[in-house]
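Biologist: Can you pull up the model? I'd like to talk through it.
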Protein chains: 2
Amino acid sequence: MSDLNVDFLENKLREAGLRPTRQRLALAHLLFSGDDRHVTAEQLHFEVSELGEHVSLATVYNTLHQFRNAGLLRELAIESSKTYFDTNTSNHNHYFLEADGKLWDIPSDSIAIEGLPQPPEGMRIAHVDVMVRLVKDDKSGQSD
Amino acid sequence: MSDLNVDFLENKLREAGLRPTRQRLALAHLLFSGDDRHVTAEQLHFEVSELGEHVSLATVYNTLHQFRNAGLLRELAIESSKTYFDTNTSNHNHYFLEADGKLWDIPSDSIAIEGLPQPPEGMRIAHVDVMVRLVKDDKSGQSD
DNA sequence: ATTTGTGCAAATCGTTTGCATCTGA
DNA sequence: TCAGATGCAAACGATTTGCACAAAT
C-alpha cells in the first residue's frame with residue numbers, strides 16, 4: 001500500500017468523519033483501492049488477516065456499519081442470515097446466483113423501472129433495489 | 001375453520017405432495033384462507049398458538065420451507081437475519097419500511113422493468129425482485 | 001407396517017454487546 | 001488529556017439438526 005494510497009484513504013475517512021486508524025485503513029484499503037466489490041464481514045476479516053494485519057471480527061462488523069452509515073457502503077440483504085456490503089453506493093442492480101451465493105452488478109445501467117407509483121403519504125423512496133435471481137439452466141431453483 | 005375450508009386446504013397440500021397433518025393444516029389455514037400476506041416464522045408461530053393449536057417452532061420453520069419448496073410460498077430476504085415468506089408467489093414488487101420492519105406489496109402491477117440484459121451464459125432468470133425501500137419523510141434512513 | 005412428520009433440546013452461525021484497555025488528535 | 005476505537009469473550013437471536021416418538025397412508 002503506497003503512501004499516496006494511504007493519503008487518499010486517510011482523506012476519505014476524515015471526510016466521512018472517521019479517524020483513520022490502522023484497522024480502518026486496512027479495511028478501507030481492501031474495499032476502496034480497486035474496482036467496486038461486494039463483501040461479507042467474514043470475507044473481509046479473512047482478507048485482512050491474509051495481509052498480516054490483525055483486526056478483530058467485531059471491529060470488522062463495527063467498521064462496515066460505520067462505513068455504511070457514512071455512505072461509503074450500501075448494505076444488501078439477499079439471503080437470510082448473510083449480509084453483503086457493496087462499495088458501489090449508487091442506485092444500480094444486481095444478479096444473484098443462489099446456488100453459489102454469488103453476487104455481482106448487472107453490467108451497464110440499461111435497466112429502467114417504469115410506472116413506479118407515488119410512495120404512501122409521509123414517506124419517500126430511499127432506494128430501489130432490483131435483484132435478478134439466476135439459476136443454472138438445468139435446474140429448478142428450489143432446494144431445502 | 002369450516003369443513004369446506006379444510007377440504008380446500010387438504011387438497012392444496014395433497015396436490016403439493018404434502019400429507020395434510022394437523023400442523024400443516026393449521027399453518028395453511030393462517031396462510032392461505034384470506035388475502036395474500038407476508039409472515040415470519042416467529043409471527044406464524046405466535047398466531048397458531050393464539051388459535052389454541054400447538055405447533056412447535058421447529059415445525060413452523062420446516063413447514064414454511066416445505067411450502068416454499070412446493071411453490072406455495074416465496075421466500076424474501078430483506079433485512080439481515082429475518083426471513084419473510086410471501087403467499088403471493090407471482091413476480092410482483094414490494095415496499096419495505098425499514099424503521100418498522102414493515103413489508104407490503106406495491107399496489108397494482110404498474111411497474112415494468114425495461115432493458116433487462118441477457119443473463120450470463122448457462123443461466124436463466126428465476127425471478128426479478130424489485131424492492132422499494134421507503135423512509136419516513138423527515139429522516140435520513142441511516143442508523144446503526 | 002412402513003413411511004413421513006413432529007417435538008424437544010441442543011447445536012450452529014452470523015452478528016452484537018459490555019467492558020477493560022489502547023490510540024489518535 | 002480524553003473522546004473515540006478496539007479486542008475479547010460472552011451474549012444473542014434466528015434458524016437448523018439429531019433423534020425418539022407419533023401420525024398418516
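Modeller: One term before we start. A residue is near a strand if one of its heavy atoms lies within 4 Å of it. And keep in mind that this is a predicted model.

Biologist: Fine. Which residues come nearest to DNA strand D?
Modeller: Thr21(A), Gln23(A), Thr59(A), Tyr61(B) and His65(B), out of 21 residues around strand D.

Biologist: What classes make up that surface?
Modeller: Eight polar, seven charged and six nonpolar residues.

Biologist: And on the DNA side, what share of the atoms within 4 Å of the protein is sugar or phosphate?
Modeller: 83%. The rest belong to bases.

Biologist: Which side chains have an N or O atom by a phosphate oxygen of strand D?
Modeller: Thr21(A) is one, at 2.5 Å. Tyr61(B) has such an atom 2.5 Å from a phosphate oxygen too. For Arg14(B) the distance is 2.8 Å.

Biologist: Which element gives the most to the surface near strand D?
Modeller: α4(B), with four residues. At least two residues each come from α2 (22-32) and α4 (57-69) of chain A, and from α4 (57-69) and β3 (82-86) of chain B.

Biologist: Switching to the sheet. What's the strand order?
Modeller: β5(A)-β4(A)-β7(A)-β7(B)-β4(B)-β5(B). That is an open sheet of six strands with mixed pairing. β5 (102-105) of chain A and β5 (102-105) of chain B are the edge strands. Neighbouring strands are turned by 25 degrees against each other on average, direction ignored.

Biologist: In what sense do β4 and β7 of chain A pair?
Modeller: Parallel, over five bridges. Asn93(A), for one, has Val130(A) in β7(A) as its bridge partner.

Methods: Residues are numbered from 1 along each chain as its sequence is written. Chains are lettered from A and ligands numbered from 1 in the order in which they are written. This is a predicted model: local features need pLDDT of at least 70, side-chain atom pairs count only at pLDDT 80 or more; totals for chains, interfaces and linings use all residues. Side-chain values use heavy atoms; hydrogens and water are left out. A polar contact is a pair of N or O atoms within 3.5 Å; within protein, one must be able to donate a hydrogen and the other to accept it, and residues adjacent in sequence count only if both atoms are side-chain atoms. Ala, Val, Leu, Ile, Met, Phe, Trp, Tyr, Cys and Pro count as nonpolar, Asp, Glu, Lys and Arg as charged, and the others, Gly among them, as polar. Two strands pair if DSSP finds at least two bridges between them. Axes are lines fitted to C-alpha atoms, for helices over the stretch in contact, and angles run from 0 to 180 degrees between N-to-C directions.
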